[in-house]
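Welcome to a short tour of this protein. Have a look at the sequence and the coordinates below, and then we can walk through some local details together.

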Amino acid sequence: MAIFNIQHPWTFTFGILGNIISVLVYLAPVTTFYRVYRKKSTEDFHSLPYLVALFSSMLWLYYALLKTDAMLLITINSFGCVIEMIYITMFIVYAPSHAKKLTIKFFALMNVGMFSLIFLVTQFAVGHSYRVQVLGWICVAISVSVFAAPLSIVAQVIRTRSVEFMPFTLSFFLTLSAITWFAYGLLLKDICIAVPNVLGFVLGLLQMLLYAIYRNYKTEEDQEKKLSEHMRNTLATSDQVHPVDNAKYNGDHDDKVSKEHDRHHDDQKTSEVSPDDHLHPNQTAV
């Protein structure tokens with residue numbers, strides 16, 4: 001098996017481009033897992049997308065090892081297996097106990113159990129001449145499910161009119177990746193590589209279209225929240241100033257009146273008592 005298929009330079013070119021773009025796509029969750037590491041918590045994130053991505057990379061790596069002239073598929077899917085294992089390990093370390101148990105259960109069922117079953121079936125139950133073809137269509141089915149996974153996010157964007165959980169950069173690179181791998185499969189005359197990337201291209205365009213429609217909605221909503229919050233703070237501040245000053249003024253005024261009344265009362269007592277007056281036995285001169 002040739003390491004690189006240099007007899008078809010365009011196939012090699014699109015394969016290299018596909019590797020570069022797919023590496024960027026695989027590295028997209030790095031910021032998410034840096035946040036998980038910093039907060040020591042997985043918060044509301046789910047492990048299933050990473051488990052499915054690992055399963056897909058494992059199957060495509062197995063397919064590339066059986067197929068000839070597919071070294072560029074081996075390189076990118078080897079990288080995918082390593083990076084997805086790092087993500088899943090970090091998730092298990094920082095996830096709460098129930099999410100941790102669920103992740104380990106899915107990993108054992110899908111990435112170990114299902115992959116082992118597919119491996120055994122293709123090695124011992126399928127003839128050598130059909131092995132690559134059967135495995136290829138299994139890879140197509142898994143890739144379609146991977147590409148269809150963002151449909152839930154698309155529905156969420158339409159429902160909430162917010163693109164917070166659908167960054168444009170990721171959608172853009174997913175679309176580019178689908179284009180390059182479609183061209184690679186077409187030039188390599190491998191329908192199993194080309195077909196799932198048609199769906200990936202369509203879904204990528206749909207996500208970018210939704211981003212263009214709803215990208216300003218959240219900004220306007222935030223401005224309204226900031227304006228209403230500013231108004232509430234202004235009203236709260238104005239309500240707090242005057243009552244305090246009035247209370248202080250009223251208190252000072254009452255003290256002044258009380259002191260003047262006491263002084264006036266004392267003056268009256270002084271004027272009523274004189275040296276010539278006889279004091280009552282129970283009275284005291286002031």
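## Loops, helix pairs and a buried serine

Arginine 161 sits in the loop that links helix 7 (151-160) to helix 8 (168-187). Please keep in mind that this is a predicted model. The backbone of arginine 161 has a positive phi of about 55°, although the residue is not a glycine. With a relative accessible area of 44%, arginine 161 is partly exposed, because that value falls between the 20% limit for buried and the 50% limit for exposed.

Another loop, the one between helix 8 and helix 9, holds lysine 189. Here too phi is positive in a residue other than glycine, with lysine 189 near 60°. Lysine 189 counts as exposed, at 77% relative accessibility.

Between those loops we can stop at phenylalanine 182, which belongs to helix 8. Its relative accessible area of 30% makes phenylalanine 182 partly exposed. Setting aside neighbours within four places in sequence, phenylalanine 182 is in contact with Ala194, Asn197 and Val198. The C-alpha atom of phenylalanine 182 is 9.4 Å from that of glycine 200, a residue 18 positions away along the chain.

Glycine 200 also leads us to a helix pair, as Gly200 is one of the helix 9 residues that meet helix 6. Here are two helix pairs side by side:

| Helix pair | Angle between axes | Distance between axes |
|---|---|---|
| Helix 3 (residues 48-66) and helix 5 (residues 97-125) | about 20° | 10 Å |
| Helix 6 and helix 9 (residues 191-214) | about 10° | 9 Å |

Helix 6 is therefore roughly parallel to helix 9. On the helix 6 side, the meeting residues are Gly136, Trp137, Val140, Ser143, Val144, Phe147 and Ala148, and on the helix 9 side they include Ile191, Cys192, Val195 and Pro196. By residue type, the contact of helix 6 with helix 9 has 11 nonpolar, four polar and no charged residues.

Helix 3 and helix 5 are also roughly parallel to each other, so the angle in the table agrees with that description. Their crossing is right-handed. Among the residues that make the contact are Leu51, Phe55, Met58 and Tyr62 of helix 3, together with Phe106, Met110, Asn111 and Phe119 of helix 5. The contact of helix 3 with helix 5 divides into 15 nonpolar, four polar and no charged residues.

Now for one residue of helix 6: is serine 143 buried or exposed? Serine 143 has a relative accessibility of 6%, so it counts as buried. Its place is in helix 6 (residues 128-148). And which side chain makes a polar contact with the side chain of serine 143? The partner is the side chain of tryptophan 60, at 2.8 Å. Leaving out residues up to four places away in sequence, serine 143 touches Ser56, Trp60 and Pro196.

Finally, we can step back to the whole protein. There are 10 helices and zero strands, and the pattern along the sequence reads α-α-α-α-α-α-α-α-α-α. Of the 286 residues in the protein, 30% are buried. Among contacts with a separation of 6 or more, 76% come from residues 24 or more positions apart.

Methods: Residues are numbered from 1 along each chain as its sequence is written. This is a predicted model: local features need pLDDT of at least 70, side-chain atom pairs count only at pLDDT 80 or more; totals for chains, interfaces and linings use all residues. Side-chain values use heavy atoms; hydrogens and water are left out. Helices (H or I, at least four residues) and strands (E, at least two) are DSSP runs, numbered from the N terminus. Buried means under 20% relative accessible area, exposed over 50%, partly exposed in between (1.4 Å probe, protein chains only). A polar contact is a pair of N or O atoms within 3.5 Å; within protein, one must be able to donate a hydrogen and the other to accept it, and residues adjacent in sequence count only if both atoms are side-chain atoms. Contact means heavy atoms within 4.5 Å. Axes are lines fitted to C-alpha atoms, for helices over the stretch in contact, and angles run from 0 to 180 degrees between N-to-C directions. Angles under 35 degrees count as roughly parallel, over 145 as roughly antiparallel, 65 to 115 as roughly perpendicular and the rest as oblique. A crossing is left-handed if the near helix is turned anticlockwise from the far one by less than a right angle, and right-handed if clockwise. Ala, Val, Leu, Ile, Met, Phe, Trp, Tyr, Cys and Pro count as nonpolar, Asp, Glu, Lys and Arg as charged, and the others, Gly among them, as polar.
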